[in-house]
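The following note sets out points for a colleague's consideration. It takes up internal cavities, helix packing and backbone geometry in turn.

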Amino acid sequence: MITRRELLKAGALSIGVFLLPDGVKILKAQETSLKPALWASISRDNYLMLLVNKSEMGQGVYTGLAMIVADELNFPWERVRVKPAPAGSVYIDRKMGAQLTGGSTSVRNMYEFLRLLGASMREMLLTSASQEWKVSKKKLSARMGYITDGKRKASYGELWEKAIKLPLPENPKLKDPSEFIYIGKNVSRIDVPEKIDGKAVFGIDVRVKDMIYALVERPPYFGSKVMSYDANQTRRVKGVIDTFPISTGVAVCASSFESALKGREKLRVEWSKSPLEGFDDEKLERYYLDMLKRKGLVARSDGNALKKIEASPKKVEAVYLLPYLYHATMEPMACVADVREDRCVVYAPLQAQTWALKVAKEITGLPEDKIEIHTTYLGGGFGRKSNVEFVREAIEISKKVKRPVKLIYTREDDVKSGWYRPMNATWLKGAIDEKGKVIALYHKIAVPAVFEWAGRPSRIDRAAVEGIENMFYEVPDLHVEFVKVDLPIPVWFWRSVGSSHNAFTLETFIDRLAKMGKRDPVDLRLELLKNHERAQKVIEVAVEKAGWGKKPRYGEAMGIAYHFSFGSHVAEVAEVSLDRKSGQVRVHRVVCAIDLGPMVVHPDLVVSQMESAINMGLSAALKEKVRFSKNGPASTNFDTYSLLTMAEAPQIEVHIVRGEGPMGGVGEPGLPPIAPAVANALLWGYGIEVNSLPMTPDYIKTLLKEA
């Protein structure tokens, strides 16, 4: 984290990319009263320091973004330093309209800006040396942190103080890609050394002077409010300082985490009746299936799909039911807040600094320049830490006690606090002609509106129909319909968002149509994508590398799935085996092909993200489900919310396909195809149709009996 003192010190010699009313410009710190959106400065001893507006949550964004600047600048990688930028309205990602890390956008949104920043700095350094040595710039070159004319040599650090006083270049020349020194190569990750030696600071590690700890007692089921509470026994616990209600429950503050925990155990709270009482797993499933009978909003209508399906002799339909999912970040929510009359300071593992700043302003009433939001490392995010409810709670508590407070969610708090990937029910119908060609498709989904929960309501929730309404498959008659589910169970963006469930329903249904038409599922997909070369290519690469059509190398059956999301095309082939007696599904090998466009900044980071997404998606496919009893979430910790173990992780191969077109994302596109690829292997290899997730042994045994 960077302190205010460090920021001011660096500012005098800094250059940044500014978002101004007339567009994005490179400016020096002295030329504007605004804080620069992205800072870059060079110290006298020749270190490059960058402030990055994106959050490092394990995806390698510090490395990827720093590579872009260092490449254009021609700077030695071992002398690059990165720190998170403080929160501020001028630090926003202009394409997202917020300082936010999500949507697989970091590199693709910042790529052009950061190249411009590095190129401007290089031009200014060359001009500075030209003037100093009285030699034409054409005779100078910038090489790995030094400017030279062949005889003389000066470090960037020696020249920077004069360079920063020069006018900014109007049109700094960007490198030709053939000149790149880092982009496209696997440079060492910039965040790894301090994560290995223990110096990395995550949200839960932050300590400040006079800090106390806080926990929140939350309602057993969503929608309940505090009616009354008895803290007499809590106050007798040694170390407990205060107890009081906040917007989400009752806060217990203490001198240590252990005291807060013991104090909370003694707390007695009377809650109002929840509108969800009685909604256990069975009732929730019935509720969602009933919602499919309602008329929804039409998101896309080409031709008359229902009419064509009804008239066709070859048709199939299926109803799917997918569960609520927990984000399961390695680090649960934690935040340190220090609210005083004239300032507010927050330290947290954040994905959305803009939203944290907004919450701080709302609660404290302070102006933006009196609020500091510091972003720590994140022990995983997956979308959960773009929700700043935990920051709101910490600020509320600190404001009440008028001293710094560290709020920690226990794992049980984290699992039961909600903000899940939404449950959903989907009804699919489709028809083929006599040649097995798909002629009509009807897709109706009942699901909560994630964007509405995030404060951005729209008539048709974008996440609800993501990956369906905008699919690349060309079907003559297509109908996509959305039924909004309004239950008070909080939902939020989960990795891959709507594509995480829509890819499963669509891709497994495509295979059922293929089976009915006696078509190879690969051939059918290539036919449906005949006008989309990039989509076809990833499928062709994945099946070639997997050995499609041959006996699986490790498992007993192969399944394929393809999906386009967040700007990237991904195809995956899974090799799967099934123990018919136990119902245990085992995924042995996954072959993945991704096309994220012609420019790949760091290939190893792409591979890592694909591996991570496949394992996370496979965990959800085989094991994950938030379970409910009549009185609330029955999943409370990892003993009741299972995750994929290391021993269960498959062998994964990732192949990067270079396609023409805009740059795509990598954080999320690898997840959607894995669950349908596994289910499709079970369809072709074992004759069972998976309509619900997770594919637990008990569920699979039920399907085997029905097959």
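1. In this predicted model, 14 residues line the largest cavity, and those nearest its centre are Arg421, Ser500, Ala620, Ala675 and Leu693. Two elements give two or more residues each to this lining, namely α14 (499-516) and α17 (603-622). The largest share comes from α17, with 3 residues.

2. The space in the largest cavity amounts to about 120 Å³. Its lining divides by class into 10 nonpolar, 3 polar and 1 charged residues. Across the structure as a whole there are 9 cavities of 30 Å³ or more.

3. Leu693, one of the residues nearest the centre of the largest cavity, also takes part in a cis peptide bond. This bond joins leucine 693 to proline 694, with omega at about 5 degrees. Proline 694 is placed in the loop between α18 (674-686) and α19 (697-706).

4. Helix α14, already named for the cavity lining, also packs against α15. Their axes are 9 Å apart, at an angle of about 110 degrees. This angle makes α14 roughly perpendicular to α15. On the α14 side the contact is made by Glu507, Ile510, Asp511, Leu513 and Ala514, and on the α15 side by Pro521, Leu524, Arg525 and Leu528. By class, these residues comprise 6 nonpolar and 3 charged, with no polar residue.

5. The loop between α14 and α15 (521-528) holds lysine 518. The backbone of lysine 518 has a positive phi, near 55 degrees, in a residue other than glycine. A second such case is worth inspecting: aspartate 210 is not a glycine, yet its phi is positive at about 65 degrees. Aspartate 210 is located in the loop between α5 (192-196) and β9 (212-217).

6. How do α2 and α3 pass one another, and at what angle? The axes of α2 (residues 61-73) and α3 (residues 106-133) cross at roughly 35 degrees and come within 7 Å. The crossing of α2 past α3 is right-handed. From α2, the residues in contact are Val61, Leu65, Ile68, Val69, Glu72 and Leu73. They meet a set of residues in α3 that includes Ser106, Met110, Tyr111, Leu114, Arg115, Gly118, Arg122 and Leu125. The contact of α2 with α3 has 13 nonpolar, 2 polar and 3 charged residues.

7. The pair α10 and α11 should be considered as well. Helix α10 (residues 353-364) and helix α11 (residues 389-401) have axes that come within 10 Å and cross at roughly 30 degrees. That crossing angle makes α10 roughly parallel to α11. The handedness of the crossing between α10 and α11 is right-handed.

8. As to the residues involved, α10 brings Ala356, Val359, Ala360, Glu362, Ile363 and Thr364 to the contact, where they meet Val391, Arg392, Ile395, Glu396 and Lys399 of α11. By class, the contact of α10 with α11 has 6 nonpolar, 1 polar and 4 charged residues. Among the charged residues at this contact are Glu362 in α10 and Arg392, Glu396 and Lys399 in α11.

Notes:
Residues are numbered from 1 along each chain as its sequence is written. This is a predicted model: local features need pLDDT of at least 70, side-chain atom pairs count only at pLDDT 80 or more; totals for chains, interfaces and linings use all residues. Side-chain values use heavy atoms; hydrogens and water are left out. On a 1 Å grid over the protein atoms alone, a cavity is a set of points where a 1.4 Å probe fits but cannot get out, and a pocket is an open set with protein on both sides within 12 Å along at least five of seven lines; lining residues have an atom within 4 Å of a point. Grid points are joined across faces, edges and corners, and a volume is the space filled by probe spheres set on the points. Helices (H or I, at least four residues) and strands (E, at least two) are DSSP runs, numbered from the N terminus. Axes are lines fitted to C-alpha atoms, for helices over the stretch in contact, and angles run from 0 to 180 degrees between N-to-C directions. Angles under 35 degrees count as roughly parallel, over 145 as roughly antiparallel, 65 to 115 as roughly perpendicular and the rest as oblique. A crossing is left-handed if the near helix is turned anticlockwise from the far one by less than a right angle, and right-handed if clockwise. Contact means heavy atoms within 4.5 Å.
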